[in-house]
Amino acid sequence: MQSPSPMVTRLRRYRQIADVLAKYGFGILVEEVFPGIGRLWKAPVPAEEKQSVYERIRLALEELGPTYIKFGQIMSTRRELLPPELIAELQRLQDRVDPLPFEEIRPVIRKYCPNLEECFDIIEADPVAAASLSQVHRAVMKDGQVVALKVQRPGIVDLIEADILILQSLARRVESLFPDLRVYNLPGMVDEFAVQIRRELDFSQDGMNAERLRRNMRDIPCVKIPRIHWGITGPFLLAMDYVEGVRIDDVAAIRAFGLFPEEIADIGFQAYVQQIFVDGFFHGDPHPGNLFVTEQGEVVFLDYGIVGVLRPERKRMFIDLLLAMTRTDVAGVVSALERLDVRIRPSDLDAVKDDLYLVLLDYREMSLERMNFATALGGLTDTLRRYHIRVPPTLMLMMKVIIMVMDIGTRLDPAFNFDRRIHPYLTDIVMQERFSPETMANAVRSLASAAEGLLAIPENVNDTLKTLSEGTVTIDLEDTDLKRITDVIDQTSDKVIVGLVVAAVVVGSSLVLRVTELPVPGYVTTLAVLGYVFAVLFGFYAVYNALRHGHVLRR
């Protein structure tokens, strides 16, 4: 049986999207965004609108499937663009689906291990977890190692690529219908999402991210990153050590292990400070389902599809931003934002500073028991959203991670105070960077370069004077300059020639009129007088023309 063409598949998908949007009360939007839909589609009767509009957006995204769930999850980091109520709903998006039968998953595993009996003693048919992109099966290898096999669902790449094309088309259509939304750059947001989800679909990249985190975390006790088994890992299959544990927000289960939740909060906090502000490479999706706690008191990081990357110079800018916020330093906040490529319109600058000052003042005046740095971050993002200020995605991802870490920290330890904990860490990091071997080496290189420049000044001056004295100076002229010079020379030479002719006429006429003692025909005298008159008139004309030309050049 022949499979439907991509165009037919896309049209069916448009129909599904229209049905889901209408079901949740967005039928008017469908008729606006999908021109001519009324002739081909009859809107289903929407469900009773007992939920808020933001809740219905979340439910619609969940029903539309993996692409839209992922899009919503990534958009939940854009606090500077979306209302807080919508952000809260997007953070609740559930990526849960019914698992596929193992017979449909088996061919994917066979791509990396053609003979399963040679690789594994056991592969459990029932998955331990299932999501829209993949499902995870527990397996025991021939050498006795227990591994988790994260297997990509067959056909998911084609579905997501079709949905990306639809999202790009919808973004352009919505922007053309609602010009006020252009400030949000919807096509750009979809393009950013496309890059991110394509990375997540490459499980080899997941494995490399895990390996880098594992190396970076090796010196922090009680932090565990499962080892990747590269022999049976590829773009569609990720094999790693299987870890037993409980979710990090399950306080009762952590206490049942005989552990103190407050210590777990501190371990997670130290791990993220190291990742963000020291390594510049951090786990970007710290919701409780991706952080486990083992019976030995280890915090385990899972799911490495979303990571944040900070270059050294931007890392320092983020540190300056957070330190300025903890000091209620509005000028420092604005300066750090500008260095992070956050552009504030000059006409809005004073208003933005006033709003930021109020946000930081409110935060500063909280009692220690109520103080929550998330309030300051939320106020910052609200201000950015109010003035339609675009922010680099990495900055928003870092803010999202910090807020999620604070939320987990307060669940584990109600007395967890991010402000008091982060300030000494950041100050210490700044001092270490200031006197680090790399910083000292950069300073030495800068001084050496400056010294070389100073020492070279006498020699450069001597070479310049020698060149001038030898008369071998070469002047480079652009074509336009050279043409202008030649035109001026041509005009000047023409005027000189005419002037010489006029002068000759004057001199000749004078000689004729002065020599009265010689018999001269009357017409010669007449010609001499006419020559005088011509010379005088042409002289006046030449002077006038020269003055006018000089005025034009000066302008």
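At what angle do helix α5 and helix α10 pack, and how far apart are their axes? In this predicted model, α5 covers residues 66-75 and α10 covers residues 186-200, and the two pack at an angle of about 110° with their axes 10 Å apart. That angle makes α5 roughly perpendicular to α10, since anything from 65 to 115 degrees counts as such. As for handedness, α5 and α10 cross in a right-handed way.

Now zoom in on who is doing the touching. On the α5 side, the contact is made by Thr67, Lys70, Phe71, Ile74 and Met75. Facing them from α10 are Met189, Val190, Phe193, Gln196, Ile197 and Glu200. Sort the residues of this contact by character and you get 7 nonpolar, 2 polar and 2 charged.

Next, the cysteines. Searching the whole structure turns up 1 disulfide, and it links Cys113 with Cys119. Their sulfur atoms sit 1.7 Å apart in the model, which is inside the 2.5 Å cut-off used to call a disulfide. If you like torsions, the one about the S-S bond of Cys113 and Cys119 comes out at about 105°, so this disulfide is right-handed.

How buried or exposed is Cys113? Its relative accessible area is 3%, so Cys113 is buried, given that the label applies under 20%. Cys222, on the other hand, has a relative accessible area of 35% and is therefore partly exposed.

Methods: Residues are numbered from 1 along each chain as its sequence is written. This is a predicted model: local features need pLDDT of at least 70, side-chain atom pairs count only at pLDDT 80 or more; totals for chains, interfaces and linings use all residues. Side-chain values use heavy atoms; hydrogens and water are left out. Axes are lines fitted to C-alpha atoms, for helices over the stretch in contact, and angles run from 0 to 180 degrees between N-to-C directions. Helices (H or I, at least four residues) and strands (E, at least two) are DSSP runs, numbered from the N terminus. Angles under 35 degrees count as roughly parallel, over 145 as roughly antiparallel, 65 to 115 as roughly perpendicular and the rest as oblique. A crossing is left-handed if the near helix is turned anticlockwise from the far one by less than a right angle, and right-handed if clockwise. Contact means heavy atoms within 4.5 Å. Ala, Val, Leu, Ile, Met, Phe, Trp, Tyr, Cys and Pro count as nonpolar, Asp, Glu, Lys and Arg as charged, and the others, Gly among them, as polar. Buried means under 20% relative accessible area, exposed over 50%, partly exposed in between (1.4 Å probe, protein chains only).
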